[in-house]
Amino acid sequence: MAIRIPPTLGLTRPGPSNAPKITFAAKDTDVLEWNGDLLAVGVTEKDVVKDDNNNFTNSLLKKLDAVLGGLLAEASSEEDFSGKSGQAIVLRVSGLSFKRVGLFGLGQSAYSAAAFVGLGEAIAAAAQASRAVSLAVALAFSADLSDESKPDIASSIAIGIVNGIFDDNRYRSNSKATVLQSVDVLGLGSGASTIKKLKYAQYVSSGIVFVRELVNSPANILTPGQLAAEVLNITRNYSDVLSARIFNEDEIIEMKMGSYLGVTAAATANPPKFIHLCYKPPSGCVSAKLGLVGKGITFDSGGYNLKTGANSNIETMKNDMGGAGAIFGAAKAIAEIKPLGVEIHFVVAACENMISATGMRPSDIVTAANGKTIEVNNTDAEGRLCLADALIYTCKLGVDKIIDLATLTGACIIALGPSVAGAFTPNEELASEVLSAAERSGEKLWRLPMEESYWDSMKSGVADMLNTGPSQGGAITAALFLKQFVDENVQWMHLDIAGPVWNTKKSIATGFGVSTLVEWVLKNAS
């Protein structure tokens with residue numbers, strides 16, 4: 001991601017992107033004949049079972065350990081390696097065509113995309129630690145897999161490797177480049193279908209890395225204007241299928257987006273940017289029109305309902321544009337894949353939520369583009385105000401289906417924890433589509449109810465509605481609020497990604513959402 005900015009707060013300029021440049025290949029090479037730095041073997045608990053002589057019973061491990069003189073079996077026993085998910089053992093070897101060999105646990109069984117993405121991430125960590133330039137991945141149980149499943153498994157592993165190896169070091173004064181250059185996937189087929197899926201994985205991974213760089217960028221770098229500039233940059237790179245329009249504040253006023261303008265217009269030195277990116281296929285007719293709407297708050301102070309205290313997480317609020325990042329990362333991947341038969345509109349009402357003498361106050365009333373009035377009883381529930389006008393705009397484009405993604409509520413994190421996004425929709429068909437796409441991608445979604453009786457708590461004494469309700473069921477009432485701004489004839493889903501957009505342990509962005517969105521778009525393509 002090339003960010004070009006004038007001198008700004010702190011005089012910080014990001015360095016060059018460290019996006020991995022890895023060549024993936026599908027091969028039927030025997031593991032003993034592979035030549036390179038690290039041979040990584042994924043195993044289940046069943047695969048590492050040994051006989052009475054402490055020898056592996058799995059055919060691949062037995063063959064591998066025979067040339068190692070039993071070293072793998074001995075080391076796995078000494079280190080209590082049983083193939084559980086997250087376990088790994090890596091050995092330096094000599095006299096063979098590879099320098100290191102590792103076993104990586106997948107647990108009792110491994111049939112989900114999430115498991116194979118996780119395997120790729122674990123292998124990437126080992127490759128990074130050993131400074132491996134070349135890597136091979138094999139599965140001890142590949143003979144038991146159907147031919148139909150192998151390309152998808154290879155793709156999931158590849159996405160995990162890229163995500164695991166990527167280190168965003170643009171803001172470090174002394175950083176190391178990623179050294180991994182090639183990955184050979186062994187035993188999962190070498191035909192056209194596997195090769196195609198590995199190429200697909202590279203496109204999706206590129207989108208994920210793009211999102212992570214956007215969300216990792218601090219608010220003194222990634223302003224609404226700079227986010228718009230990044231969108232224009234990818235539009236130039238894929239001008240055969242992408243076009244974009246950026247609306248400035250005067251144009252936003254003309255479109256009567258008072259809900260959005262209430263958040264930003266008078267409270268920040270960085271003006272809002274309303275971003276509309278459009279994908280049109282390179283040829284053929286369009287049979288489906290889709291809308292993807294992302295929350296794009298580049299920094300959220302909370303406004304007059306200021307985020308305070310140890311648990312306010314104000315220091316992470318650069319990630320409040322994670323929904324916008326996800327849809328733009330998906331746009332980048334989709335522009336590479338170029339699916340036919342589908343037109344996609346990516347819409348973001350980008351702004352900051354800051355404090356000013358002229359900023360929005362609790363009890364102010366704002367008017368959305370559809371004429372509905374909203375009493376603001378909490379300025380820290382600003383994302384839904386911006387999304388309201390973005391959803392109205394997107395519906396007017398004539399789309400058939402909309403998914404919005406937003407780091408919307410802490411209530412969703414309380415309900416589902418940090419790794420699972422909440423899915424809300426009144427439409428069963430769309431729910432099935434998106435949840436299936438998430439399962440294929442390895443991202444975790446859980447559908448939550450849209451309990452209509454909770455809407456009573458959002459009624460205002462002076463306006464059409466409040467922007468927040470009671471703390472109980474906060475994720476549900478937020479979804480019910482957004483529903484007020486979606487046309488009834490449009491299928492719509494809201495994804496609350498407040499938890500999984502951010503890795504709290506590492507304090508970095510995850511790129512969550514890209515894989516699911518791309519899978520969903522392809523399902524709707526011809």
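User: Why does Asp147 count as exposed or buried in this structure?

Analyst: In this predicted model, Asp147 has a relative accessibility of 60%, and since exposed means over 50%, Asp147 counts as exposed.

User: What makes the pairing of Asp147 with Lys150 a salt bridge?

Analyst: The closest N and O atoms of Asp147 and Lys150 are 3.8 Å apart, and because the cut-off asks for a side-chain nitrogen of Lys or Arg within 4 Å of a carboxyl oxygen of Asp or Glu, the pair qualifies as a salt bridge. Lys150, unlike an exposed residue, has a relative accessible area of 13%, and because buried means under 20%, Lys150 is called buried. A search of the whole structure finds 20 salt bridges.

User: How do you know that Lys295 and Asp320 form a salt bridge, and what does the pair tie together?

Analyst: Their closest N and O atoms are 2.9 Å apart, and the limit for a salt bridge is 4 Å, so Lys295 and Asp320 meet the criterion. Lys295 lies in strand E9 whereas Asp320 lies in the loop between E9 and H9, so the pair ties together parts that are 25 residues apart in sequence. Lys295 and Asp320 also belong, with Glu382, to a network of salt bridges.

User: Why are Lys295 and Asp320 called buried or exposed?

Analyst: The relative accessible area of Lys295 is 4% and that of Asp320 is 3%; because anything under 20% is buried, Lys295 is buried and Asp320 counts as buried.

User: What makes Lys483 and Glu452 a salt bridge, and where do the two residues lie?

Analyst: The side chains of Lys483 and Glu452 meet at 3.3 Å, N to O, which is within the 4 Å that a salt bridge requires. Lys483 lies in helix H13 and Glu452 in the loop between strand E15 (445-447) and E16, so this pair ties together parts that are 31 residues apart in sequence. With a relative accessibility of 28%, Lys483 counts as partly exposed, and Glu452, at 42%, is partly exposed, because that term covers what lies between the 20% and 50% limits.

User: Why is Tyr304 able to count towards a surface patch?

Analyst: Tyr304 has a relative accessible area of 41%, and because patches are made of residues with over 30% and no salt bridge, Tyr304 can join Leu306 and Ile355 in a nonpolar surface patch of about 270 Å². Tyr304 lies in the loop between strand E9 (288-300) and helix H9 (322-337).

User: How do you know that the length of helix H6 is close to what is expected?

Analyst: Helix H6 (residues 224-237) has 14 residues and reaches 20 Å from its first C-alpha to its last, and the span expected at 1.5 Å a residue is 20 Å, so the two agree closely. Among the buried residues of H6 are Leu227, Val231 and Ile234, and what covers the buried residues of this helix includes helix H5 (192-216), strand E8 (273-279) and H9.

User: What makes Phe328 stand out in the largest nonpolar core?

Analyst: Of the 95 residues in that core, Leu139, Phe328 and Phe346 touch the most other members, while the largest share of the core, 10 residues, comes from H5. Leaving aside neighbours within four places in sequence, Phe328 is in contact with residues including Leu227, Val231 and Ile234, as well as with Phe210, Ile275, Leu277, Phe346 and Val348. Apart from this core lies another, of 48 residues, among them Phe247, Ala406, Met465 and Phe485.

Terms used
Residues are numbered from 1 along each chain as its sequence is written. This is a predicted model: local features need pLDDT of at least 70, side-chain atom pairs count only at pLDDT 80 or more; totals for chains, interfaces and linings use all residues. Side-chain values use heavy atoms; hydrogens and water are left out. Patches are made of residues with over 30% relative accessible area and no salt bridge: like charges are joined within 9 Å, nonpolar side chains (Val, Leu, Ile, Met, Phe, Trp, Tyr) within 5 Å. Accessible areas come from the Shrake-Rupley method with a 1.4 Å probe; for residues, only the protein chains shown count as cover. Helices (H or I, at least four residues) and strands (E, at least two) are DSSP runs, numbered from the N terminus. Buried means under 20% relative accessible area, exposed over 50%, partly exposed in between (1.4 Å probe, protein chains only). Contact means heavy atoms within 4.5 Å. A nonpolar core is a set of buried Ala, Val, Leu, Ile, Met, Phe, Trp, Tyr and Cys residues joined through side-chain atoms within 4.5 Å.
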